[in-house]
Amino acid sequence: MTLAQNEELASPASTKKDKKAVIDEVITDALLEQFFSLQPPQGIERDYHILERAYRGLTAPDFARFISLFITRKHNLNATGPQGTILHVISTHRKGGDYAQALKNAGAH
């Protein structure tokens with residue numbers, strides 16, 4: 001799967017019934033690395049945007065792997081977006097528990 005395909009799956013417009021769910025897709029480190037090339041919309045911190053797109057496009061285990069890369073590259077886990085940090089946003093989501101735990105384990109607050 002390419003990052004563009006992953007972006008399509010992660011975007012709100014991807015709820016069309018003609019799209020097939022991708023199940024059991026192996027997410028390689030190369031795909032995880034592609035998230036670092038994303039550019040944010042104006043007014044959004046780049047690190048926040050990268051984290052948000054990874055959260056929306058990855059399973060919880062893959063997100064945890066991504067967080068390790070994110071930290072290794074010295075990115076900011078506590079970057080803020082319009083509603084606060086990504087940890088704050090994810091913590092309000094019903095199914096965000098495993099994602100939030102990955103961030104907490106990595107030192108986000």
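**Salt bridges and a helix pair in a predicted model**

The side chains of Glu33 and Arg73 come together in a salt bridge, with a nitrogen-to-oxygen distance of 2.5 Å. This pair links distant parts of the chain, since Glu33 belongs to helix H2 (residues 29-34) while Arg73 sits in the loop between helix H4 (60-72) and strand E1 (80-81), 40 residues apart. The structure is a predicted model, and it holds four salt bridges. The points below take up these pairings and then turn to the contact of H3 with H4.

**The pair Glu33 and Arg73**

- Glu33 counts as partly exposed, because its relative accessibility of 28% falls between the 20% limit for buried residues and the 50% limit for exposed ones.
- Arg73, the partner of Glu33 in the salt bridge, is likewise partly exposed, with a relative accessible area of 41%.

**Salt bridges within helices**

- In helix H3 (residues 46-57), Arg56 and Glu52 lie four residues apart, which is about one turn of the helix, and their side chains meet in a salt bridge at 3.6 Å from N to O.
- Arg56 has a relative accessibility of 40% and therefore counts as partly exposed.
- In helix H4, Asp62 and Arg65 are three residues apart, so about one helical turn separates them, and their side chains form a salt bridge with an N to O distance of 2.9 Å.
- The two partners in H4 fall into separate accessibility classes, as Asp62 is buried, with a relative accessible area of 12%, whereas Arg65 is partly exposed, with a relative accessible area of 32%.
- Asp62 and Arg65 also belong to a network of salt bridges in which they are linked with Asp29.
- As general background, side chains of opposite charge can pair when their charged atoms come close.

**How H3 and H4 pack**

- The axes of H3 and H4 come within 10 Å and cross at roughly 160°, and because angles over 145 degrees count as roughly antiparallel, H3 is described as roughly antiparallel to H4.
- The crossing in which H3 passes H4 is right-handed.
- On the H3 side, the contact is made by Asp47, Ile50, Leu51, Ala54 and Tyr55, and these meet Phe63, Phe66, Ile67 and Phe70 on the H4 side.
- Sorted by character, the residues of this contact of H3 with H4 comprise eight nonpolar, no polar and one charged.

Notes: Residues are numbered from 1 along each chain as its sequence is written. This is a predicted model: local features need pLDDT of at least 70, side-chain atom pairs count only at pLDDT 80 or more; totals for chains, interfaces and linings use all residues. Side-chain values use heavy atoms; hydrogens and water are left out. Helices (H or I, at least four residues) and strands (E, at least two) are DSSP runs, numbered from the N terminus. Buried means under 20% relative accessible area, exposed over 50%, partly exposed in between (1.4 Å probe, protein chains only). Axes are lines fitted to C-alpha atoms, for helices over the stretch in contact, and angles run from 0 to 180 degrees between N-to-C directions. Angles under 35 degrees count as roughly parallel, over 145 as roughly antiparallel, 65 to 115 as roughly perpendicular and the rest as oblique. A crossing is left-handed if the near helix is turned anticlockwise from the far one by less than a right angle, and right-handed if clockwise. Contact means heavy atoms within 4.5 Å. Ala, Val, Leu, Ile, Met, Phe, Trp, Tyr, Cys and Pro count as nonpolar, Asp, Glu, Lys and Arg as charged, and the others, Gly among them, as polar.
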